[in-house]
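Student: Could you take me through one part of this model closely, namely the sheet and the helices that pack around it? I would like one connected account rather than a list.

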Amino acid sequence: FRWAKTEDCYRLAELAQMSSSGVIDYVWSTLNDLDLSLLEIGEQRFAREDTDLSYRNCVVAEIDDDVAGMLVSFVDANSVTDYTALPASKTGETDVLAPYRELAVPDSYHICEMALLPQYQSQGLGTRLFEIAKGLARERGCAELSLQVFEQNVGAVQLYERLGFKEIDRRPVVPHELIRYTGDVLLMTA
């Protein structure tokens with residue numbers, strides 16, 4: 001496990017796509033004015049240093065010199081990410097990002113993204129990333145961890161519950177063709 005570097009940004013974008021189940025694809029698609037692929041946009045976004053959704057806040061799991069997974073986490077106190085920095089939709093348009101903006105625990109240590117490549121799942125790496133997040137939370141003076149998860153992502157919800165997370169709030173997913181889940185987004189804390 002190590003802190004991410006700028007050269008990891010393309011893989012971080014790939015992992016964020018896996019973790020967000022289409023939400024980050026929606027965000028990046030709204031930023032595409034240069035005819036770049038979504039992954040190229042994501043790579044540029046992770047390379048920034050003026051936002052919390054940045055390589056600077058990523059811990060990666062590395063196996064055989066390959067980034068196998070990542071954890072993006074930070075103190076959720078006026079955090080600036082691609083989810084929160086975009087303006088709300090124009091009048092009359094549905095605000096696809098509203099649930100993710102509304103579900104927050106100020107001053108918690110927020111797990112924004114966590115993903116492992118499929119071949120590295122079920123090997124304890126996810127649990128280890130959560131242990132790292134707990135340690136980072138303690139270092140930054142945060143009493144609790146927070147995260148958002150789709151209720152339909154049953155495997156992830158069960159993992160978080162095993163790790164001590166409890167649901168404290170929820171919002172309905174705003175449907176969009178890029179977002180793979182419907183139902184509710186859960187806010188969980190531990």
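Tutor: What follows goes from the sheet to its helices, then to the core and a loop.

The model is a predicted one, and the part you ask about is built on an open sheet of seven strands, ordered β1-β2-β3-β4-β5-β7-β6, in which the pairing is mixed. The edges are held by β1 (2-3) and β6 (166-172), each of which has a single partner strand, so one side of each is left without a neighbour in the sheet. Within the sheet, strand β4, residues 109-116, pairs with strand β5, residues 145-150, in the parallel sense over three bridges, and I111 has L147 in β5 as its bridge partner.

Two helices can be placed against these strands. Helix α1, residues 9-20, packs on the sheet and touches β2 (58-63), β3 (66-75), β4 and β5, with a direction that makes about 100 degrees with that of β4. Helix α6, residues 125-139, lies across β1, β2, β3, β4 and β5 and runs at about 160 degrees to β4.

The other pairings of β5 and β6 lead to strand β7, residues 184-189. β5 and β7 pair in the antiparallel sense over five bridges, with V185 in β7 as the bridge partner of F150. β6 and β7 also pair in the antiparallel sense, over six bridges, and here V185 in β7 is the bridge partner of R171. V185 therefore serves as bridge partner to F150 and to R171. Strand β7 is mostly covered, six of its six residues being buried: D184, L186 and M188 point one way from the strand, V185, L187 and T189 point the other way, and all are buried.

Returning to β4, a polar residue in this strand deserves a closer look. H110 has its place in strand β4, and at a relative accessibility of 8% H110 counts as buried, because the cut-off for that class is under 20%. Leaving aside neighbours within four places in sequence, H110 is in contact with V72, S73, F74 and D76, and also with S146, L147 and Q148.

The helix packing around α1 can be described next. Two packed helices are described by the angle between their axes and the distance between the axes. For α1 and helix α3, residues 38-47, the angle is about 115 degrees and the axes are 8 Å apart, which makes α1 roughly perpendicular to α3. The crossing of α1 and α3 is right-handed. At this contact, C9, Y10, L12, A13, E14, A16 and Q17 in α1 meet L38, L39, E40, G42, E43, F46 and A47 in α3. With helix α2, residues 23-30, the axis of α1 comes within 6 Å and crosses at roughly 120 degrees, and α1 and α2 are therefore oblique to each other. The residues that meet there are A13, A16, Q17 and S20 in α1 and V23, I24, D25 and W28 in α2.

These contacts lead into the interior. In soluble globular proteins, nonpolar side chains tend to be buried together. Here the largest nonpolar core has 64 residues, and those with the most contacts inside it are L12, F46, F130, Y160 and F165; α6 gives the most to this core, with seven residues. L12 is found in helix α1 and is buried, with a relative accessible area of 0%. In sequence L12 and F46 are 34 residues apart, while their C-alpha atoms are 7.2 Å apart in space. Beyond residues up to four places away in sequence, L12 touches A4, F46, Y55, C58, V60 and M70. Y160, with the same sequence neighbours set aside, touches F130, L147, V149, F165 and M188.

The loop between β2 and β3 offers a contrast to the interior. Most residues other than glycine have a negative phi. D64 lies in this loop and has a positive phi of about 50 degrees although it is not a glycine, and at 74% relative accessibility D64 counts as exposed. D65, which lies in the loop between β2 and β3 as well, has a positive phi of about 65 degrees, again without being a glycine, and D65 is exposed, with a relative accessible area of 75%.

Key: Residues are numbered from 1 along each chain as its sequence is written. This is a predicted model: local features need pLDDT of at least 70, side-chain atom pairs count only at pLDDT 80 or more; totals for chains, interfaces and linings use all residues. Side-chain values use heavy atoms; hydrogens and water are left out. Two strands pair if DSSP finds at least two bridges between them. Helices (H or I, at least four residues) and strands (E, at least two) are DSSP runs, numbered from the N terminus. Contact means heavy atoms within 4.5 Å. Axes are lines fitted to C-alpha atoms, for helices over the stretch in contact, and angles run from 0 to 180 degrees between N-to-C directions. A nonpolar core is a set of buried Ala, Val, Leu, Ile, Met, Phe, Trp, Tyr and Cys residues joined through side-chain atoms within 4.5 Å. Buried means under 20% relative accessible area, exposed over 50%, partly exposed in between (1.4 Å probe, protein chains only). Angles under 35 degrees count as roughly parallel, over 145 as roughly antiparallel, 65 to 115 as roughly perpendicular and the rest as oblique. A crossing is left-handed if the near helix is turned anticlockwise from the far one by less than a right angle, and right-handed if clockwise.
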